[in-house]
Amino acid sequence: MKRYLPLIMTILLPLGAFGAKEGYKITFQANGNQDTMMLLCYYHANNRYITDTAFNNGKGRYVFEDKKKELKPGLYYITNSHDRTLDLVIYNDETRFTLTVDNANWRRTAEAKGSKENELFFSFNRMSDLLYQEMEEAQAELDSASFYHDFMPRQTKRIDSARMAFIEQHPKSMISRMMLATKDVDIPTHRPDGSPMEPRERFDWLMAHYFDNVPLDDNFIIRTPESVFYRRVMEYVDVHMNRMPPSMICPLLDSVIDRSEPAPEVFKWLVHTMTEKFLQSKIMVYDEVYVHLVKRYYETGKAFWMSPSGIDKEVERATKWERLLVGKVAPELILFDTLRRAHSLHHMPGEYTLLLFWSPTCGHCRDIIPAVYKVYEQYADSLQMSAFSILSEPDEHTTGKWKKFLTDHGIDHPRWVNLNGGEANVDWREVYDVQTTPQIYLIRNSDNTIAAKKLGAEILEMLCKDLMNKK
């Protein structure tokens, strides 16, 4: 039941937002091609977008042209209705050139005139294709053992060597920089003094140098295929940061994002994507990362793509979440039960209190609350746990359903208090930012701090088992 809106409706800036508006003219001559129309598209992180169309002049000639709009640097491609494609480069202000292909094989026959970047790119593609063709032919001719144990490793080294030779010969070309971005960094095994590095040292080195080969300070990197930039970023966060505490994640993210500031589009994408990712995270402590990112990049005015009102909303939500982080004191709540008796969250009996916001009209709640109650019943006595269960839709229509739901599911443990959310000492929706239901916290009664949040039945059971083991 996520109701959070994305931080912004789109993360793409209008074309022409950076650089001179020189316009462009790309002539594509596809000899023998009969397609009525061609599309000019570009890669962007894990997406692809159409930017222009061109029509056949009757002789296989297609002209993509706009005298005002700029094509921003990156890898583009021309495609037809049959999904045939030809990748091309926009870089170094080369936006007026001609590409010629034979319709039999676009990639292997591609020639460029007026663009050194594309001349280099097509030349490299032809060389690379020959090496891969040799591999295909060898696979057809050789037995499996000879191919996989002898020829393939040798040929793979040749391909890698050819790629690295090209990068060394043309280090400033966009294609070289793009290919280098896909190369993993070489993790050292020894310290400068010659002594061996511990596994933890090697991991720390990797996290600090993971993006050494990636030009985060150049906008072109955002307009590359998914495998070049997007997957590398996601691997860094989803794999290498997995199970890291926020205290480690925040400085690492800051380091990566700050390196991208000279490239506004990359910076924008990283800030937006990481903030949204941790906003939506189901890991309870990762709220802290979201709060940190908003405070560092939005509250300070660095989110140049957002309106003042949009920034204010993000900062307001982050400020609320900051008060609700694990380890913070849970805001006091005083509400009435079905018999009009007042109950205080800060004065619940026992060692722990389960704080719940839910409604029987919420489908997700109808599944989760009985399951949570079953876990609660199992551990309530041994952990001396109470429950502060709040009806989140306290209108006349829902109240009757709420009481029936409690009866039908036997939710009647003596320390499980059912409270009508219609009257309270504070606006609990505002204080606890209840935008979705159910929301479930575990409060430590000794100091009224939040011990856990974003709980479901499975996580609650794991948490209770862990608390039992520590008793």
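This briefing walks through the sheets, helix packing and cavities of the structure above. The model is a predicted one. There are two open sheets to look at: one has 4 strands, with mixed pairing, and another has 7 strands, also with mixed pairing. Beyond those, helices α2 and α3 pack against each other, and there are a few internal cavities to point out, 3 of them at 30 Å³ or more.

**The 4-strand sheet**

- Reading across this open sheet, the strands come in the order β4-β1-β7-β8.
- β4 (61-66) and β8 (111-113) sit at the edges with a single partner strand each, so one side of each has no neighbour in the sheet.
- Going from one strand to the next, the twist averages 15°.
- β7 (residues 96-102) and β8 run antiparallel and are joined by 3 bridges.
- If you want a spot to anchor that pairing by eye, look for Thr100, which stands opposite Glu111 in β8.
- Helix α2 (residues 116-141) packs on this sheet, where it touches β7 and β8, and its direction makes about 170° with that of β8.

**The α2/α3 pair**

- α2 also packs with helix α3 (residues 144-169), at an angle of about 175° and with the axes 10 Å apart.
- The two helices are therefore roughly antiparallel to each other.
- On the α2 side, the contact residues include Leu120, Phe124, Met127, Leu131, Tyr132 and Met135.
- From α3, the residues making the contact include Phe147, Tyr148, Phe151, Met152, Ile159 and Phe166, with Arg158 and Arg163 also among them.
- Sorted by class, the contact of α2 with α3 has 14 nonpolar, 3 polar and 3 charged residues.

**The 7-strand sheet**

- Here the strand order is β10-β9-β13-β12-β11-β14-β15, again in an open sheet.
- The edge strands are β10 (342-344) and β15 (449-452), and each of them pairs on one side only.
- The twist in this sheet averages 40° from one strand to the next.
- At the β15 edge, β14 (residues 439-444) pairs with β15 in the antiparallel sense over 3 bridges, and Ile443 has Ile450 of β15 as its bridge partner.
- At the β10 edge, β9 (residues 334-337) and β10 pair in the antiparallel sense, also over 3 bridges, with Ile334 partnered by Ser344 in β10.
- β9 and β10 form a hairpin with 4 residues between them, and Arg340 in the turn has a positive phi of about 65°.
- β9 pairs with β13 too, antiparallel and over 3 bridges; the bridge partner of Leu335 in β13 is Ala424.
- Helix α11 (residues 363-379) lies across β11 (352-358), β12 (385-391), β13 (416-424) and β14, and it runs at about 165° to β11.

**Cavities**

- Of the 3 cavities of 30 Å³ or more, the largest has a volume of about 50 Å³.
- Its lining is made up of Phe211, Val233, Tyr236, Val237, Leu253, Val256, Ile257, Leu270 and Met274.
- Three helices, α6 (230-240), α7 (246-259) and α8 (264-279), each supply at least two residues of the lining of this largest cavity.
- By class, that lining has 9 nonpolar residues, with no polar and no charged ones.

Note on methods:
Residues are numbered from 1 along each chain as its sequence is written. This is a predicted model: local features need pLDDT of at least 70, side-chain atom pairs count only at pLDDT 80 or more; totals for chains, interfaces and linings use all residues. Side-chain values use heavy atoms; hydrogens and water are left out. On a 1 Å grid over the protein atoms alone, a cavity is a set of points where a 1.4 Å probe fits but cannot get out, and a pocket is an open set with protein on both sides within 12 Å along at least five of seven lines; lining residues have an atom within 4 Å of a point. Grid points are joined across faces, edges and corners, and a volume is the space filled by probe spheres set on the points. Ala, Val, Leu, Ile, Met, Phe, Trp, Tyr, Cys and Pro count as nonpolar, Asp, Glu, Lys and Arg as charged, and the others, Gly among them, as polar. Two strands pair if DSSP finds at least two bridges between them. Axes are lines fitted to C-alpha atoms, for helices over the stretch in contact, and angles run from 0 to 180 degrees between N-to-C directions. Contact means heavy atoms within 4.5 Å. Angles under 35 degrees count as roughly parallel, over 145 as roughly antiparallel, 65 to 115 as roughly perpendicular and the rest as oblique.
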